[in-house]
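Reader: Hello! I am new to this structure, and I would love a close look at one part of it. Could you pick a single residue, show me its surroundings, and then lead me outward from there?

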Amino acid sequence: MYSINQRAPFRQPTIVAFARGDVNGDGVPDNVYLTGQKPNGTGSPFTTEITLVIQDGRTQAFYSVPLASNAGYEPSLFLGDFTGDQVDDILISINSGGSGGFYFYYIYSFLNNEADEIFNYETFNDQYLYDVMYQNNYKVLVTNQTLNTSFIIDISNRGEDYLSEIYLPNGELKAPVQGFVSGLNTAYPIDFNGDGVFELFAFQRIAGRYNADGLGLVQTPLTWNGKEFVIYNDFQYVAVLGTANE
């Protein structure tokens with residue numbers, strides 16, 4: 001966590017996202033921007049040097065906040081109260097453009113013109129450790145080591161071609177097979193209980209033998225507890241991806 005409380009001079013890059021709302025708590029709407037640089041003359045949507053810039057609506061002063069992961073596609077902003085202080089916080093999302101479908105997510109509080117990072121996708125990725133192990137009889141065991149919870153995915157409908165590579169005809173594994181849970185893929189602001197305070201609903205792909213072998217999604221609702229984001233109501237979910245017979 002860090003704070004930036006200064007008038008920050010900056011050159012005039014491209015504005016790639018804009019939102020307006022009271023983010024510093026003085027009751028006056030502020031202008032919130034994501035700025036960045038795009039390759040000259042290429043027409044590429046890839047953006048580098050993505051930076052959060054806030055203009056105080058009352059004083060017109062500008063504040064600039066650098067991002068650790070500051071290059072990607074489709075940078076976007078969402079303003080909403082995640083902490084319960086009745087002041088908008090700033091949710092930033094950036095599509096990494098990688099084959100894994102990863103996004104970079106940050107949430108900042110800007111109360112009193114001080115930028116405090118309250119959510120970081122890398123911190124989230126490091127927080128929960130998973131095992132994904134194929135089992136006999138066409139089952140996959142997904143274990144959250146951090147929470148000591150497990151889920152079973154039935155893959156018996158995956159089709160003969162797929163299953164015959166992994167299982168003997170009697171349903172026994174030919175050899176140990178391990179999958180994985182990806183880092184944070186997408187996250188959505190959702191007010192689960194309708195109290196005007198947003199939670200963050202995080203999704204991570206469960207993959208089998210390779211990245212494109214999607215088995216399901218780990219769904220983690222997160223809520224602010226005053227110090228950090230924790231699992232809402234202590235429940236985590238797994239959704240199974242529908243797959244046609246092969």
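**T223 and the largest pocket**

Author: Let's begin with T223, which lies in strand β15 (a strand is a DSSP run of E with at least two residues, a helix a run of H or I with at least four, and both are numbered from the N terminus). A word on the source: this is a predicted model, in which local features need pLDDT of at least 70 and side-chain atom pairs count only at pLDDT 80 or more, while totals for chains, interfaces and linings use all residues. Residues are numbered from 1 along each chain as its sequence is written, and side-chain values use heavy atoms, leaving out hydrogens and water.

Is T223 buried or exposed? Its relative accessibility is 17%, so T223 counts as buried (buried means under 20% relative accessible area, exposed over 50%, and partly exposed in between, with a 1.4 Å probe and protein chains only). Setting aside neighbours within four places in sequence, T223 is in contact with E199, E228, F229, V230 and Y232, where contact means heavy atoms within 4.5 Å.

Two of those partners, E228 and F229, lead us to the largest pocket. That pocket holds about 230 Å³ of space. Among its 13 lining residues, those closest to the centre are I118, F119, T123, E228 and F229. On a 1 Å grid over the protein atoms alone, a pocket is an open set of points with protein on both sides within 12 Å along at least five of seven lines, and lining residues have an atom within 4 Å of a point. Grid points are joined across faces, edges and corners, and the volume is the space filled by probe spheres set on them.

Which elements build the lining? At least two residues each come from β8 (116–120), α1 (121–127) and β15 (214–224), and β8 gives the most, with four.

Strand β8 also holds N120. With a relative accessible area of 11%, N120 is buried. Not counting residues up to four places away in sequence, N120 touches Y105 and Y106. Q86 sits 34 residues from N120 along the chain, and their C-alpha atoms are separated by 21 Å.

Just before Q86 in the numbering comes D85, in the loop between β5 and β6 (89–95). D85 is partly exposed, at 30% relative accessibility. From D85 to Y33 the C-alpha distance is 22 Å, with their positions 52 residues apart in sequence.

Strand β5 (residues 73–80) brings us to E74. Most residues other than glycine have a negative phi. E74 is not a glycine, yet its phi is positive, at about 50°. Its relative accessibility is 52%, so E74 counts as exposed. N137 also has a positive phi, about 65°, without being a glycine. N137 is in the loop between β9 (130–135) and β10 (139–144), and at 46% relative accessibility it counts as partly exposed.

Finally, here is the whole protein. It has two helices and 17 strands, and its C-alpha trace spans about 75 × 45 × 25 Å along the principal axes. Of its 246 residues, 46% are buried. Among contacts with a separation of 6 or more, 47% join residues 24 or more positions apart.

Methods: 1 Å grid on protein atoms, 1.4 Å probe; cavity = no way out; pocket = protein on both sides within 12 Å on 5 of 7 lines; lining within 4 Å.
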